[in-house]
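Visitor: I'd like to learn how to read a model like this one, feature by feature. Could we walk through it together?

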Amino acid sequence: MARLDIHVLGSPVLRQETERVTQFTPELRRLADDMFDTMHAAKGIGLAAPQVGRLERLTVVEVEEQRFALVNPEIIQRAGAIRWEEGCLSIPDVYSHVDRANEVTVRAQDLDGNLIEVVGTELLAVCLQHEIDHLHGKLFLDRLSLLKRRAALKTWEQEKGKYVGNLRVLPVGDLPPDDADQG
Ligand code: NI
């Protein structure tokens with residue numbers, strides 16, 4: 001497994017629509033493995049392919065010991081409402097409360113192409129919605145009010161200079177523990 005560089009806000013790939021996966025190859029599995037590795041190294045709970053510069057419609061999620069690689073995921077049902085403070089591995093050190101559905105049902109394929117359904121509530125629901133947004137070029141910032149978005153972007157202005165070429169290169173060793181929920 002390998003740690004991949006994470007594209008940060010400003011990298012055009014984060015705004016691109018992904019492409020539906022039709023071939024369930026060893027390369028797809030390797031990409032998912034690398035994404036899990038990268039997500040763990042960055043202390044995240046979700047990571048979508050565009051965040052590592054790829055356009056496969058693939059995301060990995062790991063919330064409270066539930067772990068999924070989701071190919072071609074779609075939300076087929078939503079219920080309730082929740083407000084959660086979100087962060088994003090592609091917008092480090094920026095957090096804001098986002099309104100989402102409290103429960104979602106996601107239909108997807110696994111890495112072998114089998115159809116699966118995942119039902120998530122609370123944090124898992126938030127994470128699934130956040131990651132599926134990434135697969136359609138959407139970031140949590142887009143879901144904030146104008147005022148909250150301005151505040152978030154102001155914080156980012158102070159952070160973005162750390163990321164040369166809009167890339168976040170993870171260190172080889174472990175990051176310090178961090179209790180933030182990021183995807
Ligand atoms: Ni994210």
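Visitor: Let's start with charges. Which residue forms a salt bridge with Arg57?

Guide: The general idea is that side chains of opposite charge can pair when their charged atoms come close. Keep in mind that this is a predicted model. Here Arg57 pairs with Glu17, and the closest N and O atoms are 3.0 Å apart.

Visitor: Where do Arg57 and Glu17 sit along the chain?

Guide: In distant parts of it: Arg57 belongs to the loop between S2 and S3, while Glu17 is in the loop between S1 and H1, 40 residues apart.

Visitor: And is Arg57 buried or exposed?

Guide: Arg57 has 14% relative accessibility, and buried means under 20%, so Arg57 counts as buried. Its partner Glu17, at 41%, is partly exposed.

Visitor: How many salt bridges does the structure hold?

Guide: There are 13. One of them joins Asp142 to Arg15, with 2.7 Å between the closest N and O atoms. That pair also links distant parts of the chain, 127 residues apart: Asp142 lies in the loop between H2 and helix H3 (146-159), and Arg15 in the loop between strand S1 (6-7) and H1. Asp142 is partly exposed at 29% relative accessible area, and Arg15 is partly exposed at 42%.

Visitor: What about Glu62 and Arg67?

Guide: Their side chains meet in a salt bridge too, at 3.6 Å from N to O. Glu62 is partly exposed at 24%, and Arg67 is partly exposed at 47%. Elsewhere, salt bridges with shared partners tie Glu86, Arg100, Asp133 and Arg143 into one network.

Visitor: On to the sheet. In which order do the five strands run?

Guide: Generally, strands of a sheet pair through backbone hydrogen bonds, either parallel or antiparallel. In this case the sheet is open, the order is S2-S3-S4-S7-S8, and the pairing is antiparallel.

Visitor: Which strands stand at the edges?

Guide: Strand S2 (46-48) and strand S8 (115-121) do; each has a single partner strand, so one side of each is left without a neighbour in the sheet. On average, neighbouring strands here are turned by 40° against each other, ignoring direction.

Visitor: How many bridges hold S2 and S3 together?

Guide: Three, in the antiparallel sense. If you want a concrete one to click on, Ala48 has Thr59 in S3 as its bridge partner.

Visitor: Which strands does H1 touch?

Guide: H1 packs on the sheet against S2, S3 and S4, and its direction makes about 40° with that of S3. Helix H2 (residues 122-134) packs on the sheet as well, touching S2, S3, S4, strand S7 (103-109) and S8, and its direction is at about 125° to that of S8.

Visitor: Last topic, the nonpolar core. Which residues have the most contacts inside the largest one?

Guide: Met35, Leu47, Leu58, Val60 and Leu111, in a core of 20 residues. Helix H1 (26-41), strand S3 (58-63) and strand S4 (66-79) each supply at least two residues of this core, and the largest share, seven residues, comes from H1.

Visitor: Say I pick Leu47. What is Leu47 in contact with?

Guide: Leaving aside neighbours within four places in sequence, the contacts of Leu47 are Met35, Thr38, Met39, Val52, Thr59, Val60, Leu89, Glu131 and Gly183. Apart from this core lies another one, of 16 residues, including Leu70, Val104, Ala108 and Cys127.

How values were computed. Residues numbered from 1 in each chain as written. Predicted model: local features only at pLDDT ≥ 70, side-chain atom pairs only at ≥ 80, totals over all residues. Heavy atoms only, no water. Core = buried A, V, L, I, M, F, W, Y, C linked by side-chain atoms within 4.5 Å. Buried < 20%, exposed > 50% of the residue type's maximum accessible area, 1.4 Å probe, protein only. Helix = DSSP H or I, 4+ residues; strand = E, 2+ residues; numbered from the N terminus. Contact = heavy atoms within 4.5 Å. Pairing = 2+ DSSP bridges. Axes fitted to C-alpha atoms, helices over the stretch in contact; angles between N-to-C directions. Salt bridge = Lys/Arg side-chain N within 4 Å of Asp/Glu carboxyl O.
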